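User: I am new to this structure and would like the reasoning behind the labels. Can you take me through them?

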Amino acid sequence: MTDSPAALLTIAGAILLGAMSPGPSFIMIVRTAVVSSRLSALAAAAGMGVGCMIFSVIALAGLHSLLTLVPWLYTALKTAGGVYLIWLGCRMLFRTGDSAGSLAGGESAHHPGRAFFIGMATQLSNPNTAIVFGSIFAALLSQHISPYLYLVLPAMAFCIDTIWYAVVAWLLSAERPRQAYMQYKSRLDKVSGLVMGYLGIRLILR
């Protein structure tokens, strides 16, 4: 494909499918939405979008190739991301007695700024995403892309991820999902923590 509208639509679809697939980012948004304030959940969604935008910039700069060509750097980034996910999982497992005013990492519901950075860090915890972006761009764009795409593609990545996670945050921060969560809080926290820890270990060992 060339740098055509069809290519951009295909890239947008790939980004949306990636955002919709279950993973650490989705778990973090869901739990933030039902435990914290709606504002904090939306701030976390914006953080996810910024993380996605950063990965698209990395891919456009060709830095994803560096990750594949320098194994130790890729391993170091994967290990750091995995440790971060394990840390989040442990926080979920061992903070089950917290009130409903805490975030996935234990942050107060009155600090959406912290939710933003937690969302961005969670999104950036998996360097594989940079390689996926690079592969998508390489497959669907010409070798010499138009200069405007260096602005359009990161902006598109930010908008798609932010809108998707904002919709999830908005729906699950309603009163009924909160009540359902609080009814099974301890069990859901343990399951979320175990899944997050598993994803961290899996990332390290891949």
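Analyst: Start with a cut-off. Angles under 35 degrees count as roughly parallel, over 145 as roughly antiparallel, 65 to 115 as roughly perpendicular, and the rest as oblique. Bear in mind that this is a predicted model.

User: Why are α5 and α6 called oblique to each other?

Analyst: The axes of α5 (residues 71-94) and α6 (residues 112-124) cross at roughly 130 degrees. That value falls in none of the named ranges, so the pair is oblique. The two axes come within 9 Å. The crossing of α5 past α6 is left-handed.

User: Which residues of α5 and α6 meet?

Analyst: Tyr84, Leu85 and Leu88 are the α5 residues. Their partners in α6 are Ile118, Ala121 and Thr122.

User: What makes α2 roughly antiparallel to α6?

Analyst: The axes of α2 (residues 24-35) and α6 cross at roughly 160 degrees and come within 9 Å. The cut-off for roughly antiparallel is over 145, so α2 earns that label against α6. Here α2 passes α6 in a right-handed crossing. On the α2 side, Pro24, Ser25 and Met28 make the contacts. They meet Ala115, Ile118, Gly119, Thr122 and Gln123 in α6.

User: How do you know that the span of α1 is close to what is expected?

Analyst: Helix α1 covers residues 5-20, which is 16 residues. From first C-alpha to last it reaches 22 Å. At 1.5 Å a residue, 22 Å is expected. The two values agree closely.

User: Which residues of α1 are buried?

Analyst: Ala7, Leu8, Ile11, Ala12, Ile15 and Ala19 are buried in α1. These residues cover an arc of only 135 degrees around the axis, which puts them on the same side of α1. Leu9 and Leu17, on the other side of α1, are exposed. The cover over the buried residues includes α3 (38-60), α7 (128-140) and α8 (149-172).

User: Why is Thr162 called buried?

Analyst: Thr162 sits in helix α8. Its relative accessible area is 14%. Buried means under 20%, so Thr162 qualifies. Beyond its neighbours within four places in sequence, Thr162 is in contact with Ala45, Ala46 and Gly49.

User: What makes Gly134 buried?

Analyst: Gly134 belongs to helix α7. Its relative accessible area is 2%, under the 20% cut-off, so Gly134 is buried. The C-alpha atoms of Gly134 and Ala59 are separated by 4.6 Å. Along the chain, those two are 75 residues apart.

User: Why does Ala180 count as partly exposed?

Analyst: Ala180 is in helix α9 (residues 175-183). Its relative accessibility is 40%. Buried needs under 20% and exposed needs over 50%, so Ala180 lands in between and is partly exposed. The C-alpha atoms of Ala180 and Val34 are 8.9 Å apart, with their places 146 residues apart along the chain.

User: How many helices and strands does the protein have?

Analyst: There are ten helices and zero strands. Along the sequence, the pattern reads α-α-α-α-α-α-α-α-α-α.

User: What share of the protein is buried, and what share of contacts joins residues at least 24 apart?

Analyst: Of the 206 residues, 46% are buried. Among contacts between residues at least 6 apart in sequence, 87% join residues at least 24 apart.

Key: Residues are numbered from 1 along each chain as its sequence is written. This is a predicted model: local features need pLDDT of at least 70, side-chain atom pairs count only at pLDDT 80 or more; totals for chains, interfaces and linings use all residues. Side-chain values use heavy atoms; hydrogens and water are left out. Helices (H or I, at least four residues) and strands (E, at least two) are DSSP runs, numbered from the N terminus. The expected span of a helix is 1.5 Å times one less than its number of residues. Buried means under 20% relative accessible area, exposed over 50%, partly exposed in between (1.4 Å probe, protein chains only). The arc is that of the directions from the helix axis to the C-beta atoms. Contact means heavy atoms within 4.5 Å. Axes are lines fitted to C-alpha atoms, for helices over the stretch in contact, and angles run from 0 to 180 degrees between N-to-C directions. A crossing is left-handed if the near helix is turned anticlockwise from the far one by less than a right angle, and right-handed if clockwise.
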